[in-house]
Amino acid sequence: MAYLDHAATTPMLPEAIAAMTEEFGQVGNASSLHAAGRRSRRVVEESREIIAESFGARPSEVVFTGGGTEADNLAVKGLYWAGRAKGRDRVLVSSIEHHAVLDAVHWLAAHEGAKVEYLPADCTGRIDPSTLEGVISDDVAVVSAMWANNEVGTIQPIPELAALTRSLGIPFHTDAVQAAGPLPVRLDGLDAVTLSAHKLGGPIGVGALLLAKGVDPVPVLHGGGQERDVRSGTLDTPAIAGFAAAVQKTVADREASVRRLTALRDELIAAVLAAVPDAVLNGDPVTRLPGNAHFSFPGCEGDALLMLLDARGIACSTGSACSAGVAQPSHVLLAMGMDTARARGSLRFSLGHTSTQADVQELAEAIGPVVERARRAGLS
Ligand code: PLP
């Protein structure tokens, strides 16, 4: 199989599997006071230190969660509630966020009185800091803009966006789920950063919200008071150990990996455009994730292309949600100004640590005939 869907989830790194396997054979709740509990706590704290150091945070600024979705919900809901208590009821989010942020703020608007405003993206999927500058004021509870987009791979000007909130004392959250592997993501100068282990070679179901000192969201989960009282729940020691091992390996290999993936990605782009000359590369052509290639194929349905490629052993993604069997065009592509037909005819290919030239070669051979077949099916 040519697995070209690393943005959906990445195969686990052997280091992460080894760390988890060791922990699965152990017992101990990291909050228990006896020796077994203390051992488990030690693993959690050593993992926390690795993750903190890797992302420019202090250990006390790492709040473990059950993944990126939970961290995003904690950030946007928790910081909105904290802001509302001080009379701030506006929420500013980019229009190209993952549903973990977008649906959380929709919910806040529907149930909690939040006044949500969406920052527009340009045709490359970039948020211009001047649009934030034009609408921000001291009645904003939280601003959220993702570090890199999960569909088209465009990287946002995060330092510039965050600087605009800083002067007004407004917390800035960024969803760095896709960025944290390939880019040097740091908490410095930001208030809250979402991470997810399974996008960088760790297990599914664990992540973290990096929370700068003094940034205190109202908890979403109540219970045992773990994790600074911000995220209750027994810590998943094996998953946390696997997460830390994946982070350590990913950061150590980053430079070489980015170089390799960028070259492979450019090869993939060239091969697709050679086979399908009217395909259009979406997203920022330069300021994009090294493993991301996203195309529109005029006259095709993305779902049909996906299934035809799958039948040839090539895994990729349309990036759009399918509700009740009807494919919805991606909100990200629509926000970039794309028309519905072009949005529906789009595919994302995403590379990662297991990707090889053979994967790209397989796609290069398949994509031309597959697009032709999808076009014929569309005409009939
Ligand atoms: N945010 C982004 C940008 C993502 O790509 C994803 C996963 O697809 C998530 C959040 C959700 O993370 P998780 O799968 O860990 O809940």
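Student: In which loop is S167 found?

Tutor: S167 is found in the loop between helix 6 (158-166) and strand 6 (172-175), where helices (H or I, at least four residues) and strands (E, at least two) are DSSP runs, numbered from the N terminus. This is a predicted model, in which local features need pLDDT of at least 70 and side-chain atom pairs count only at pLDDT 80 or more, while totals for chains, interfaces and linings use all residues. Residues are numbered from 1 along each chain as its sequence is written, and side-chain values use heavy atoms, with hydrogens and water left out.

Student: Is S167 buried or exposed?

Tutor: Buried means under 20% relative accessible area, exposed over 50%, and partly exposed in between, with a 1.4 Å probe and protein chains only. S167 counts as exposed because its relative accessibility is 63%. A polar atom of the S167 side chain lies 3.4 Å from the backbone oxygen of L164, a polar contact being a pair of N or O atoms within 3.5 Å, of which, within protein, one must be able to donate a hydrogen and the other to accept it, and residues adjacent in sequence count only if both atoms are side-chain atoms.

Student: What surrounds R88, and which side chain of opposite charge is nearest?

Tutor: Lys and Arg count as positive and Asp and Glu as negative, whereas His and the chain ends are not counted; a salt bridge is a side-chain nitrogen of Lys or Arg within 4 Å of a carboxyl oxygen of Asp or Glu. R88 is buried yet has no salt bridge, the nearest side chain of opposite charge, D138, being 5.9 Å away. Polar atoms of the R88 side chain do, however, lie 3.4 Å from the backbone oxygen of L168 and 3.3 Å from that of G169.

Student: How should the packing of helix 3 and helix 4 be read, and at what angle do their axes cross?

Tutor: Two packed helices are described by the angle between their axes and the distance between the axes. Axes are lines fitted to C-alpha atoms, for helices over the stretch in contact, and angles run from 0 to 180 degrees between N-to-C directions. Here the axes of helix 3 and helix 4 (residues 99-111) come within 9 Å and cross at roughly 35 degrees.

Student: Where is K77, and which residues does K77 contact?

Tutor: K77 is found in helix 3 and is buried, with a relative accessible area of 13%. Contact means heavy atoms within 4.5 Å, and, leaving aside neighbours within four places in sequence, K77 is in contact with A104, W107, L108 and V220. The K77 side chain also makes a polar contact with the side chain of N73 (2.8 Å).
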